[in-house]
Amino acid sequence: MDEAVLTGLREVAGPELYRRNAFRVTGLAVDVDRPTARRRQQRLAAALKVGADVDGLGSSVSPEQLRGAFDVLLGDPRRRLVHEVFGTWGAPNGCDCPTTTHAEHDRAVQAHAEVLDMAPGDVLALAMDGRVDDRWAAAAAAWTKTLRSATFWRHLHHRVERLDDRQLDASVVESLRAELPGVLVAPLLQLAATADYPAPLRKSLADWPVPERDRDRLVEEAAAAQYEKLETIMGELHRLLESGDIEGTVARLHAEALPALARLEGLAPVDRHRRTSTARNRIAVALNNCAVAKQGKVGRYEGDVQTWLAEAESLATDPETLRRIDENREGFLGEERAIQEFRARVYLLQRTHGRYAALQFLRNILSQSDDEAMTTVVRGMLAELNAGEFSYRPARRPAEERQGRRRKILRVVAVCALLLVIYVLYQVFNNPDNGQRVDVHGQRVADNPPAVACVADADDWRDGDSAVGLVDCSQEHWAEVVAYVPLAVEAEEYPGVEALSQLATYLCAKKLAQFSLPAHTYDPEVIYPEQTDWEAQDPEANYATCAARRSNDTRWDGQVAAASSTDAQLAALMPLTSRDGRLANPPLGSCIELAQPSGQWDVKMPIVTCDRPHWAQILGYPPVTGPWPNEAAVEVSAKAACSSVANSSQIPDGYMVTAAWPPWWDEPIPPNYVACLGHRVDYQPFSGGIWQ
């Protein structure tokens, strides 16, 4: 590889590829001879010295740029040949080239220069709106045609002969052949590397004649500064966490590391670039470590600990990191469930035998326990009972000394097992009626049994009567009532079954996420007010009863939901096109947090309120009529239905509407609706609704 050619290419590669071209700067033709170039240099130098204007010379050209340009033309002929490639050739002049060869080359130069002559900020702004794509595509197509032209390369060999210098031979042209594609896309990648949303520009790389094997390398070279910046940030955050500032570490992760990662993934996607995957995983490890440190400090798996661990899981790319996150979660849940189960039993004892019996029971346990963690828990319960404030929601216990995770879990579970044995003795005297029917959707929330209450049978829940059979959660049951959620609907009249069902299902799915119930195992079940109930009371008092059931409707024993949930604003995991119909879909106007693989609209996806960053807003569920002979026919119906929604919604510039139809369209009972999603044309995230 000719080093002088490489040096010349490195000098010109970038957004100023054409503005700094020696022939453009001097106003000379690409086939100018040395004597003519030298005379032009002397005349320009004299004119500039006295401040005179020179025809054919731009007013923005500085004396330093002129000196540099003439150094190229009168110096090493290999550097000059590089500039000839990016200059305007004009009509053939003694080179025996077809006229079309020069014309096609000049069209490529003109198309590319038209984009690059714009201010970088304007190029990036147009790229965000999608209006620059045609210009990039035109330049890419023109250069692709030129580089694939045998007469183009023959012309360069002709120029080597005409320049007639011993430093020039056929190897120089071969060096240009190998390196030109990378030089042509360097401006594109350098601009993308400076953009807040680089994906639109980076995607244009596929239009250019760059070999597949070289694309990822060129992208990573352009992203080098971003990789280094993110590595510096993570090094600083590692030291900050070691100093004990957990909240400060997470705050900087969200303020600096995650935005830097988002830009990096837009330029160098994680699925194609191992270095990006490593950077993403490093952030996941940091969040996991922050969650472990916070749990060790507060002693509870809730709030920030749950949120950070969920974030770490969503970011992790290494199987070992995912395994450690899962192990930590199971450890935290094991501790939490052991304590919650014990607390629930004490609460039941208080209700059936009175506060004194519960106090005496806890004092006996306290006198026998030598476990520091359980002693702390029992003392907290005693304090609440003495104050008359004991409930399912446990008080925060003081931060405990960090110990081995496995040893700690086994100790707590062993102590709880002992406590449960003692509790059985109380059950002998209690003998409660486990099959009693209780209304779980009374006139007021206060009329209902406290969460968590376990429902015996599915048929009992779904018979239209909100009085259901409750059993002790240690027995087999079909669902667990986990919360009573308010329905804040701004409507003077009853909003309708569909709107209330969707809102209640969404809020319940969100509650399940806050209880850390895995979406692949549990589904929400809701009871919401009918029209007569709605009109009989103040709408502000309306609420839904929220329960969790197994997705396969199987029964289980043992309580799975904690008696209290985190208040973290987690996404509700719901299918966009539920097989249960529109009643179980996300509410109209809610938003999908992340872009989804096309056609997988019946899998659970993260649904959020639109004030959080999201990919798309649900604009409507218009009706369609089947059956259809094939999926192409479904697509036609879906797009027509969503086109009407788009027209009525007044979609702003820069946004588009995508039709999403259920993948089970060919089943015996086909769907009777599709979903319409509004999102940006470049598929980038945004905040706020397209319409309210």
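These legends accompany a set of close-up views of a predicted model.

**Figure 1. The whole chain at a glance, with 24 helices and 12 strands.**
Before zooming in, here is the overall picture. Of the 692 residues in the protein, 51% count as buried. The accessible surface comes to about 32900 Å², and carbon and sulfur atoms account for 50% of that area. Contacts reach well along the sequence: among those between residues at least 6 apart, 71% join residues at least 24 apart. The average pLDDT of the protein is 82, and 86% of the residues score at least 70. Four disulfides are present, and when the bonded cysteines are counted along the chain, their pattern is 1-2, 3-4, 5-6, 7-8. Three of these bridges get a view of their own below.

**Figure 2. The disulfide between Cys454 and Cys473.**
The two sulfur atoms sit 1.9 Å from each other. This bridge connects distant parts of the chain: Cys454 belongs to strand E2 (residues 453-455), while Cys473 is in the loop between strand E3 (467-471) and strand E4 (479-486), 19 residues apart. Is the disulfide right-handed or left-handed? The torsion about the S-S bond is about 100°, so the disulfide is right-handed. Cys454 counts as buried because its relative accessibility is 1%. Its partner Cys473 is also buried, with a relative accessible area of 10%.

**Figure 3. The disulfide between Cys508 and Cys546.**
Here the S to S distance is 2.0 Å. Cys508 comes from helix H22 (residues 497-514) and Cys546 from strand E6 (residues 543-550), so a helix and a strand are tied together across 38 residues of sequence. With a torsion of about 75° about the S-S bond, the disulfide of Cys508 and Cys546 is right-handed. How accessible are the two cysteines? Cys508 has 0% relative accessibility and counts as buried, and Cys546, at 0%, counts as buried as well.

**Figure 4. The disulfide between Cys642 and Cys676.**
The sulfur atoms of this pair are 2.0 Å apart. Cys642 lies in helix H24 (residues 631-649) and Cys676 in strand E12 (residues 675-680), so the bridge ties together parts that are 34 residues apart in sequence. Look at the S-S bond itself: the torsion about it is about -90°, so this disulfide is left-handed. Cys642 is buried at 3% relative accessibility, and Cys676 is buried at 0%.

**Figure 5. Cys95 and Cys97, whose sulfurs are too far from each other for a bond.**
How far is the sulfur of Cys95 from the closest cysteine sulfur? That closest sulfur is in Cys97, at 3.3 Å, and a disulfide requires a pair of sulfur atoms within 2.5 Å, so Cys95 and Cys97 are not bonded. Cys95 has a relative accessible area of 10%, so this residue is buried. Elsewhere in the chain, Cys290 counts as buried too, at 0% relative accessibility.

**Figure 6. Helix H10 and its kink at Glu179.**
Helix H10 covers residues 170-194, which makes 25 residues. From its first C-alpha to its last the helix reaches 37 Å, close to the 36 Å expected at 1.5 Å a residue. Where along H10 does the kink lie? The kink is at Glu179, shortly before the proline Pro181, and amounts to about 45°.

**Figure 7. Ala142 in helix H8 and its contacts with Arg107 and Ala108.**
Ala142 is part of helix H8, which spans residues 133-147. Its relative accessible area is 17%, so Ala142 is buried. Which residues does Ala142 contact, leaving aside its neighbours within four places in sequence? The contacts are with Arg107 and Ala108. Ala142 and Arg107 are 35 residues apart along the chain, yet their C-alpha atoms are separated by 6.7 Å.

**Figure 8. Two stretches with pLDDT under 50, residues 393-414 and residues 420-435.**
Over residues 393-414 the pLDDT stays under 50, and the model has 47 contacts beyond four places in sequence for this stretch. Residues 420-435 also have a pLDDT below 50, with 21 contacts in the model beyond near neighbours in sequence. A friendly caution for this view: where pLDDT is low, the predicted coordinates should not be read in detail.

Definitions and conventions: Residues are numbered from 1 along each chain as its sequence is written. This is a predicted model: local features need pLDDT of at least 70, side-chain atom pairs count only at pLDDT 80 or more; totals for chains, interfaces and linings use all residues. Side-chain values use heavy atoms; hydrogens and water are left out. Helices (H or I, at least four residues) and strands (E, at least two) are DSSP runs, numbered from the N terminus. Buried means under 20% relative accessible area, exposed over 50%, partly exposed in between (1.4 Å probe, protein chains only). Contact means heavy atoms within 4.5 Å. Accessible areas come from the Shrake-Rupley method with a 1.4 Å probe; for residues, only the protein chains shown count as cover. pLDDT is the predictor's confidence in each residue, from 0 to 100. The expected span of a helix is 1.5 Å times one less than its number of residues. The bend at a residue is the angle between axes fitted to the seven residues ending there and the seven starting there.
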